[in-house]
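Colleague: Please show me the model. I would like to go through the fold strand by strand.

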Amino acid sequence: MAQSSAARRGGLCELIDRCIGSKIWVIMKGDKELVGTLRGFDVYVNMVLEDVTEYEITAEGRRITKLDQILLNGNNIAILVPGGSPDPE
């Protein structure tokens with residue numbers, strides 16, 4: 001039997017909740033990726049990240065921006081990678 005949308009969202013929220021306080025790699029729809037410490041989120045997967053590095057692909061190449069804090073709109077998030085990073089470390 002298929003799960004309801006609310007049940008799937010509840011399971012997703014439980015997984016994301018485990019990542020609070022940890023580093024997370026967020027791949028956005030479009031040409032941006034962010035790596036930062038997850039501080040909080042809501043049921044719409046809007047997220048607050050701290051100590052953020054933003055990677056953006058531009059016509060000139062890859063641009064890296066450091067941010068203290070950012071609020072991400074959950075509608076624009078494509079992929080979440082707990083503990084991940086776009087650069088090999």
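Modeller: First, a definition: two strands pair if DSSP finds at least two bridges between them. Helices (H or I, at least four residues) and strands (E, at least two) are DSSP runs, numbered from the N terminus. This is a predicted model, where local features need pLDDT of at least 70, side-chain atom pairs count only at pLDDT 80 or more, and totals for chains, interfaces and linings use all residues. Residues are numbered from 1 along each chain as its sequence is written, and side-chain values use heavy atoms, with hydrogens and water left out.

Colleague: What pLDDT does the chain average?

Modeller: pLDDT is the predictor's confidence in each residue, from 0 to 100. Residues 1-8 stay under 50. Where pLDDT is low, the predicted coordinates should not be read in detail. Still, 84% of the residues score at least 70, and the chain average is 86.

Colleague: Which strands stand at the edges of the sheet?

Modeller: The sheet is open, has five strands and pairs antiparallel, in the order E4-E3-E2-E1-E5. An edge strand has a single partner, so one side of it is left without a neighbour in the sheet. That describes E4 (61-72) and E5 (77-82).

Colleague: Which residue is the bridge partner of Ile24 in E2?

Modeller: Strand E1 covers residues 23-28 and pairs with E2 in the antiparallel sense over five bridges. The two form a hairpin with three residues between them, and Gly30 in the turn has a positive phi of about 105 degrees. Across this pairing, the partner of Ile24 is Gly36.

Colleague: Which residue in the turn between E2 and E3 has a positive phi?

Modeller: E2 and E3 are antiparallel, with eight bridges. Among them, Val35 is matched with Thr53 in E3. Five residues separate the two strands of this hairpin, and the turn residue with a positive phi, about 65 degrees, is Val45.

Colleague: How many bridges join E3 to E4?

Modeller: E3 spans residues 47-58 and runs antiparallel to E4. One position to look at is Leu49, whose bridge partner in E4 is Ile70. The number of bridges joining E3 to E4 is 11.

Colleague: Is Thr37 buried or exposed?

Modeller: Thr37 lies in strand E2, residues 32-41. Contact means heavy atoms within 4.5 Å. Leaving aside neighbours within four places in sequence, Thr37 is in contact with residues including Gly21, Lys23, Leu49 and Asp51. Its relative accessible area is 14%, so by the cut-offs (buried under 20%, exposed over 50%, partly exposed in between; 1.4 Å probe, protein chains only) Thr37 is buried.
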